[in-house]
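Trainee: I have a fold open on my screen, and I'd like to go through the labels people put on it. Can you tell me what backs each one up?

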Amino acid sequence: MTGPTELPSLPDARFAGLLNEAKALQQTTVALRRAIHRHPEVGLQLPRTQQAVLDALDGLPVETTLGTTTTSVTAVLRGAKPGPAVLLRADMDALPMPEDTGLEFASEVPGVMHACGHDTHVAMLVGAARLLADHVDELAGSVVFMFQPGEEGHHGARHMIHEGVLDAAGMRVQKAFAIHTFANLPTGVIATKSGPVLASEDSFAVEVIGKGGHASMPHSAVDPIPAVAEMVMALQSRVTRTVDVFDPAVVTVTRIAGGTTDNVIPESAELEGTIRTLSEHTRSFLRTEVPDVCEKIGEAHGCRVVADLRPGFPVTVTDELETQRVLDLAAEVLGATYSQRMSHPIMGAEDFSYVLQRVPGAFAFLGACPPDLAPEEAPPNHSNRVRYDEDALAYGVAMYAAYALDTLRG
């Protein structure tokens with residue numbers, strides 16, 4: 001009698017019970033999340049959030065370093081055996097917008113809200129630090145915990161890189177991983193893909209300067225309004241006629257301003273918008289093309305144009321091997337139904353892209369749809385009504401820990 005030539009691999013013993021260990025930390029994880037949610041802070045200076053992280057890490061065997069240009073926190077957990085270093089990231093900042101969730105722990109700061117789930121990211125990463133501290137004997141190397149301010153347009157990751165976060169363990173980290181909660185996925189699902197997973201983001205502002213006059217006599221003025229209107233339409237057709245459909249891009253005009261009343265042709269008008277791409281080639285092309293289109297249309301209308309291109313985040317590109325490893329770990333640690341390879345990128349942007357430009361790694365979404373809603377019905381990230389299922393936090397804690405344990409296997 002002969003047996004099969006190939007037997008299925010046995011589950012890794014290091015991951016047995018990892019999710020249950022994360023669930024055992026749920027009370028403290030949720031408490032930290034809610035404390036941060038009540039007191040959101042915007043930008044690069046988050047003193048209250050920084051102190052909450054330091055208080056939560058107190059007593060753990062980690063070496064902490066504070067940022068000098070921002071209120072970042074870097075913590076290093078050293079394993080029992082020597083080896084490489086791995087980085088885990090959580091962003092900490094909120095958005096300048098009101099909260100209308102009705103949650104008992106809703107923001108107490110007027111006009112500021114954790115609408116992108118960064119409060120959950122901080123709580124999960126602290127939970128992972130607590131969990132990994134109990135597994136330090138299994139770690140052959142170091143874990144760098146990156147608590148980053150200023151992700152929402154302030155380039156906080158770049159600040160931390162310049163201050164040495166990638167070398168905080170005394171050597172360059174070899175792998176990096178970040179999780180982002182997502183209200184429109186079922187709770188606990190880990191979703192990612194290799195290659196571009198998020199777009200680049202650049203913004204533009206255009207001022208069109210003409211000559212003011214009476215609305216009844218446009219021939220004696222130089223009206224900037226028709227020029228701005230033509231720019232909006234020309235930018236859309238320029239994308240569809242010059243950008244390869246298989247290398248997609250989005251140019252969206254989000255603000256138009258001009259004029260003060262119904263019988264005055266204004267001297268100037270303005271428009272603003274965003275450029276999203278999935279390759280540096282197309283990004284570079286549109287960063288030149290958008291101002292050029294506006295300037296030429298302005299010239300045709302007899303207007304002077306001042307175009308300002310504001311560089312944002314690069315494309316977030318994940319490593320194929322690390323992406324597959326995250327999906328395999330999700331299937332093993334959480335269950336096969338919780339591992340999902342995305343079919344296409346999302347056109348949002350992330351400054352974890354700066355880390356992934358320098359270190360191979362992965363970026364994954366974690367489903368946290370409120371239990372009373374279907375994923376397609378849930379208010380999305382950046383909504384004033386977005387809510388996250390806190391049961392998802394344990395899944396994130398377990399995934400952070402599993403990634404570190406798998407990377408630093410002895």
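**What backs up the labels**

Mentor: Let's start inside: Ile 275 has a relative accessibility of 0%, so it counts as buried. Keep in mind that this is a predicted model.

Trainee: What makes 0% enough for Ile 275 to be called buried?

Mentor: The cut-off for buried is under 20% relative accessible area. Ile 275 comes in at 0%, so the label holds. Ile 275 sits in strand E12, and beyond its neighbours within four places in sequence its contacts include Phe 204, Val 250, Val 251, Leu 286, Val 290 and Leu 309. The C-alpha atoms of Ile 275 and Phe 204 are separated by 7.8 Å, though the two are 71 residues apart along the chain.

Trainee: Which of those partners belong to helix H7?

Mentor: Leu 286 and Val 290 are among the buried residues of H7, and both are in contact with Ile 275. The buried residues of H7 pack against strand E12, and also against strands E8, E10 and E13 and helix H6.

Trainee: How do you know that the span of H7 is close to what is expected?

Mentor: H7 covers residues 280-300, which is 21 residues, and its first and last C-alpha atoms are 30 Å apart. The expected span is 1.5 Å times one less than the number of residues, and for H7 that comes to 30 Å. Just after H7, Gly 302 takes a positive phi of about 80°.

Trainee: And what span does helix H4 have, against what is expected?

Mentor: H4 reaches 23 Å over 16 residues, close to the expected 22 Å. It is also mostly covered, with 15 of its 16 residues buried.

Trainee: Why is Ala 128 called buried?

Mentor: Ala 128 has 0% relative accessibility, so it falls under the 20% cut-off. This alanine is in H4, and away from its sequence neighbours it touches Phe 145, Val 397, Tyr 400 and Ala 401. Leu 88 is 40 residues from Ala 128 in sequence, with 9.3 Å between their C-alpha atoms.

Trainee: What makes a set of residues a nonpolar core?

Mentor: They have to be buried residues of the nonpolar kinds, joined through side-chain atoms within 4.5 Å. The largest such core here has 69 residues, and Leu 57, Leu 88, Val 143, Phe 145 and Phe 147 have the most contacts inside it. H10 gives the most to this core, with 13 residues. Apart from it lies another core of 27 residues, among them Val 76, Ala 85, Leu 87 and Phe 365. In soluble globular proteins, nonpolar side chains tend to be buried together.

Trainee: What does Leu 57 touch, leaving aside its neighbours within four places in sequence?

Mentor: Leu 57 is in contact with Val 62, Thr 64, Val 73, Ala 75, Val 126, Ala 129 and Phe 147.

Trainee: Now the histidines: is His 382 buried or partly exposed?

Mentor: His 382 has a relative accessible area of 39%, so it is partly exposed: that label runs between the 20% and 50% cut-offs. His 155, at 13%, is under 20% and therefore buried. His 155 lies in the loop between strand E4 and helix H5, while His 382 lies in the loop between strand E16 and helix H10. Phi is positive in both, near 60° for His 155 and near 80° for His 382.

Trainee: Why does Asp 389 count as buried, with its place in a loop?

Mentor: The label rests on accessibility: Asp 389 is at 12%, under 20%, so it counts as buried. Asp 389 is in the loop between E16 and H10, in contact with Thr 187, Ala 368, Cys 369, Pro 370 and Pro 371.

Trainee: And how many residues of the whole chain count as buried?

Mentor: Of its 410 residues, 54% do. The chain has 10 helices and 16 strands, and its C-alpha trace spans about 90 × 55 × 45 Å along its principal axes. Among contacts with a separation of 6 or more, 82% are between residues 24 or more positions apart.

Trainee: What about charge: how many positive and negative side chains are there?

Mentor: There are 30 positive and 52 negative, and the centres of the two sets lie 2 Å apart.

Key: Residues are numbered from 1 along each chain as its sequence is written. This is a predicted model: local features need pLDDT of at least 70, side-chain atom pairs count only at pLDDT 80 or more; totals for chains, interfaces and linings use all residues. Side-chain values use heavy atoms; hydrogens and water are left out. Helices (H or I, at least four residues) and strands (E, at least two) are DSSP runs, numbered from the N terminus. Buried means under 20% relative accessible area, exposed over 50%, partly exposed in between (1.4 Å probe, protein chains only). Contact means heavy atoms within 4.5 Å. Lys and Arg count as positive and Asp and Glu as negative; His and the chain ends are not counted. The place of a charge is taken as NZ of Lys, CZ of Arg, CG of Asp or CD of Glu.
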